[in-house]
Amino acid sequence: MASPSPDTQVFNTIEVLRGRQPMPRGSFLDHLPAAKWALFVAIWGSDARTYLKGAELPLRPKDTHMYVVLGGCVVQERFPFNTKIARFRGVGQVLGEAKLIEPRSSVRTVCLTTTWVLPCDTRRVNLLLTQDHEAKRALLRSLEDRNRSDERIYATTSRSPLARVSALLHHLAMVAGTRDPAGPTGHTTIDGPRQRDLAEALLLGRSTVENAVATLRSKRLIDSRYRRLVVTDLPALKALVTSQS
């Protein structure tokens, strides 16, 4: 795919399928060579579909597909020991990759916005990966990058709530944010996740997240609206995350 640009753009469906749309750094579609993406599109492109906000992707034991996110944002939820573990996934990432090794695996995956995905039959993907080492390498590299990103965002419980909320918002801006060319310069909109969702993902109290968001708003780094967060200064937000590391 094309190299990622510093700003996330509004996604153009034709450009995405042609491999011309910049993808978030570290995602599967960022690592996948353009020629290999063309192969995915040739096999599964006609099956690309959208799910409305609130819809659940079919990633249950009897389902046989994994998905590549082409637009939008989802939350994946697991419940080990009766504790909810939530992770946000965005553009360019693979969902349901566990089905490649355990076909009956499942994970509750809910669309936080209208979400555009490419369903890929896992049996055919496994066959492709055994024959195409570049595609296999792209998948493995993206999963490693995702694991490292999850560690930095969700597992750093010793950091301050402000640092943790800032890191998550910066991540969401990069993997699920959109920039309207007609809107204010440098503004990146994050649709879908609510402050309650952020609190659940970070295992923080809702009031703690609200206080952190209020602090970021006072610093003029974000603007919060109903079920919408607007990052008004992405470089400054990133600098804040780095300064509190």
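The legends below accompany several views of this predicted model.

**View 1. The whole chain, with its nine helices and ten strands.** Let us start with the overall build of the protein chain. Its radius of gyration is 18 Å, close to the 18 Å that the globule rule gives for 245 residues, so the chain is as compact as a globular protein of that length. Measured out along the principal axes, the C-alpha trace would fill a frame of about 50 × 45 × 30 Å. These spans along the principal axes are computed from the predicted model.

**View 2. Contacts and surface of the chain.** How many of the contacts between residues at least 6 apart in sequence join residues at least 24 apart? The share is 70%. Buried residues account for 48% of the 245 in the protein chain. On the outside, the chain exposes about 12,200 Å², and carbon and sulfur atoms supply 51% of that area.

**View 3. The largest nonpolar core, with 32 residues.** The residues with the most contacts inside this core are Phe-88, Val-165, Leu-168, Leu-169, Leu-198, Leu-216 and Ile-222. Several elements each supply at least two of its residues: strand 4 (85-89) and strand 10 (228-231), together with helix 5 (133-154), helix 6 (161-176), helix 7 (195-202), helix 8 (206-218) and helix 9 (234-243). Which helix gives the most to this core? Helix 6 does, with eight residues. As background, nonpolar side chains tend to be buried together in soluble globular proteins.

**View 4. Close-up on Leu-168 and the residues it touches.** Leaving aside residues up to four places away in sequence, Leu-168 is in contact with Phe-88, Ile-153, Tyr-154, Leu-198 and Leu-202. Two of these partners, Phe-88 and Leu-198, are also listed with Leu-168 among the residues with the most contacts inside the largest core. Apart from that core lies another one, of 23 residues, including Leu-32, Val-68, Val-91 and Ala-138.

**View 5. An open sheet of three strands.** In what order do the strands run across the sheet? The order is 8-10-9, and the pairing is antiparallel. Strand 8 (188-191) and strand 9 (222-225) are the edge strands; each has a single partner strand, so one side of each is left without a neighbour in the sheet. From one strand to the next, the twist averages 15°.

**View 6. Where strand 8 meets strand 10.** Four bridges join this antiparallel pair. One to look for is at Thr-188, whose bridge partner in strand 10 is Val-231. Strand 10 also takes part in the largest nonpolar core, supplying at least two residues to it.

Definitions and conventions. Residues are numbered from 1 along each chain as its sequence is written. This is a predicted model: local features need pLDDT of at least 70, side-chain atom pairs count only at pLDDT 80 or more; totals for chains, interfaces and linings use all residues. Side-chain values use heavy atoms; hydrogens and water are left out. A nonpolar core is a set of buried Ala, Val, Leu, Ile, Met, Phe, Trp, Tyr and Cys residues joined through side-chain atoms within 4.5 Å. Buried means under 20% relative accessible area, exposed over 50%, partly exposed in between (1.4 Å probe, protein chains only). Contact means heavy atoms within 4.5 Å. Two strands pair if DSSP finds at least two bridges between them. Axes are lines fitted to C-alpha atoms, for helices over the stretch in contact, and angles run from 0 to 180 degrees between N-to-C directions. The radius of gyration is taken over C-alpha atoms; the globule rule is 2.2 Å times the number of residues to the power 0.38. Accessible areas come from the Shrake-Rupley method with a 1.4 Å probe; for residues, only the protein chains shown count as cover.
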